[in-house]
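Reader: I should be grateful for a close look at a single part of this model, with enough of the whole to place that part in context. Please state the cut-off of each term once, where it is needed.

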Amino acid sequence: LGDELPGWRLDAHNRVGRATQEGIDELRSLGRGLAPVVIVSLGTNDAEGSEPAFRELVNEAVAIVGPRRCLVWATVVRDGTPRTGFNQALDDARSAHRNVRLVDWAAMVGDDGELLAGDLVHGTPEGYAQRAEETARAIRDCPGG
């Protein structure tokens, strides 16, 4: 992502295998220290059938980020398949809040299965490069981006 946004300061709080609740707890702990643009990639590790809880957590993330920051969230793919209920919750948040942007990772993967590694969860180097391009595009589309 740094290559796509030269001159931007990036502060990452990544952890592989993080469930959405843990990620939202991390956002909450950062509080006022959140950057003007917050990028989220959560939902992949949540249990099947937890779509209602995910929807609540998405709404919580929107509230934590607030209306003056931009929230960029990648749609969710697991085992090579879009997680439709999770992605609907994200799309609903985007429709309801002018400061929410989506990176449609699910569509990108659907268009080119070669973007996923053999585990069908993580991206290939090319996949992550394309995802970074789309993330940068979403960031630039943010209010004030």
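Author: Accessible areas come from the Shrake-Rupley method with a 1.4 Å probe, and for residues only the protein chains shown count as cover. On that basis the protein chain exposes about 8100 Å², of which carbon and sulfur atoms supply 49%. The model is predicted, so local features need pLDDT of at least 70 and side-chain atom pairs count only at pLDDT 80 or more, while totals for chains, interfaces and linings use all residues. Residues are numbered from 1 along each chain as its sequence is written, and side-chain values use heavy atoms, with hydrogens and water left out.

The protein chain has five helices and five strands (DSSP runs numbered from the N terminus: helices are H or I with at least four residues, strands E with at least two). Their order along the sequence is α-β-α-β-β-β-α-β-α-α. The radius of gyration (over C-alpha atoms; the globule rule is 2.2 Å times the number of residues to the power 0.38) is 14 Å, which agrees with the value near 15 Å for a compact globule of 145 residues. The C-alpha trace spans about 40 × 35 × 25 Å along its principal axes. Of the 145 residues, 40% count as buried (under 20% relative accessible area; exposed is over 50%, partly exposed in between; 1.4 Å probe, protein chains only). Contacts (heavy atoms within 4.5 Å) between residues at least 6 apart in sequence join residues at least 24 apart in 70% of cases.

The part chosen for the close look is helix H5, residues 125-140. Its 16 residues reach 23 Å from the first C-alpha to the last, close to the expected 22 Å (1.5 Å times one less than the number of residues). Buried in H5 are Gly 127, Arg 131, Ala 132, Thr 135, Ala 136, Ala 138 and Ile 139. An α-helix has 3.6 residues a turn, so residues three or four places apart point the same way. The cover over the buried residues of H5 includes helix H4 (105-111) and strands E1 (37-40), E2 (70-74) and E5 (100-103).

Strand E1 also leads to a second site: Thr 44 lies in the loop between E1 and helix H2 (51-65). Thr 44 counts as buried because its relative accessibility is 19%. Beyond its neighbours within four places in sequence, Thr 44 is in contact with Val 76, Val 77, Arg 78, Arg 83 and Val 121.
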